[in-house]
Amino acid sequence: MLKSELIKRLAQEAKGISHEDVETLVKTVFQTMTDALCQHHRIEIRGFGSFSAKKRKARTAHNPKTGINLMVPEKWVPFFTAGKELKERANHA
Amino acid sequence: MSDTQTLTKADIAAAVARTLGFSKIQCADLVDRVFEMMKETLEKGEEVKISSLGRFQVRQKRARRGRNPQTGEAIEISARKVVTFKASPVLRHAMEKSNGSS
């Protein structure tokens, strides 16, 4: 399911809310989450799961093809852990 | 954010209320439905792909022998389905460019 399909399915079940508003809703949800992760904040969605930002230290990488060593700067990467309810529902099906 | 470090569903609902102009109660319900729809989809074994965030997928894990790290006791970990998440390049790049402030 893509974001566009998620919007479509939600619009079908939501009575009295325009397709356009559902689109704004879904986009705002994911934009808010992206912004939080960019600020290295945690996200906790009860029943779904939590997201966190983890720091990767700067390191020197090595390209085996050219033999060149290069510096990879420190960076932040996102992590997701499924919540209890999602874990149980995914496993049960 | 209520807690400066953790974004919760209430914070997301508040952001939705600001953009849509609906009541907070209604927005909390709408945000719930978004995640409920994602859970329903994953429950069916279907993957969820959000271009700005990443891909959620249900993967089958085989049974394996594990060990209780505290007691050292060997135990059987049963076969199961787990949800995995892979961040999209869009999110990865956004996080790399950010310096933690906004």
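**Figure 1. Domain assignment of chain B in the predicted model**. Chain B is divided by the assignment into domain 1, residues 8–44, and domain 2, residues 47–102. The centres of domain 1 and domain 2 of chain B, taken over C-alpha atoms, lie 23 Å apart.

**Figure 2. Packing of helix 1 and helix 2 of chain A**. Helix 1 of chain A covers residues 3–13, and helix 2 of chain A covers residues 19–38. The axes of these two helices are 9 Å apart and make an angle of about 130°. Angles over 145 degrees would count as roughly antiparallel and those from 65 to 115 as roughly perpendicular, so helix 1 and helix 2 of chain A are oblique to each other. Their crossing is right-handed.

**Figure 3. The largest pocket and its lining**. The volume of the largest pocket is about 170 Å³. From chain A, the lining takes in A:Arg56, A:Val77, A:Pro78, A:Phe79 and A:Phe80. From chain B, B:Val83, B:Thr84, B:Phe85, B:Lys86, B:Ala87 and B:Arg92 line the pocket. By residue class, the lining of the largest pocket has seven nonpolar residues, three charged and one polar.

**Figure 4. Strands at the largest pocket**. Strand 5 of chain A (75–82) and strand 6 of chain B (80–87) each contribute at least two residues to the lining of the largest pocket. Strand 6 of chain B gives the largest share of this lining, with five residues.

Notes:
Residues are numbered from 1 along each chain as its sequence is written. Chains are lettered from A and ligands numbered from 1 in the order in which they are written. This is a predicted model: local features need pLDDT of at least 70, side-chain atom pairs count only at pLDDT 80 or more; totals for chains, interfaces and linings use all residues. Side-chain values use heavy atoms; hydrogens and water are left out. On a 1 Å grid over the protein atoms alone, a cavity is a set of points where a 1.4 Å probe fits but cannot get out, and a pocket is an open set with protein on both sides within 12 Å along at least five of seven lines; lining residues have an atom within 4 Å of a point. Grid points are joined across faces, edges and corners, and a volume is the space filled by probe spheres set on the points. Helices (H or I, at least four residues) and strands (E, at least two) are DSSP runs, numbered from the N terminus. Ala, Val, Leu, Ile, Met, Phe, Trp, Tyr, Cys and Pro count as nonpolar, Asp, Glu, Lys and Arg as charged, and the others, Gly among them, as polar. Domain bounds come from an automatic or database domain assignment. Axes are lines fitted to C-alpha atoms, for helices over the stretch in contact, and angles run from 0 to 180 degrees between N-to-C directions. Angles under 35 degrees count as roughly parallel, over 145 as roughly antiparallel, 65 to 115 as roughly perpendicular and the rest as oblique. A crossing is left-handed if the near helix is turned anticlockwise from the far one by less than a right angle, and right-handed if clockwise.
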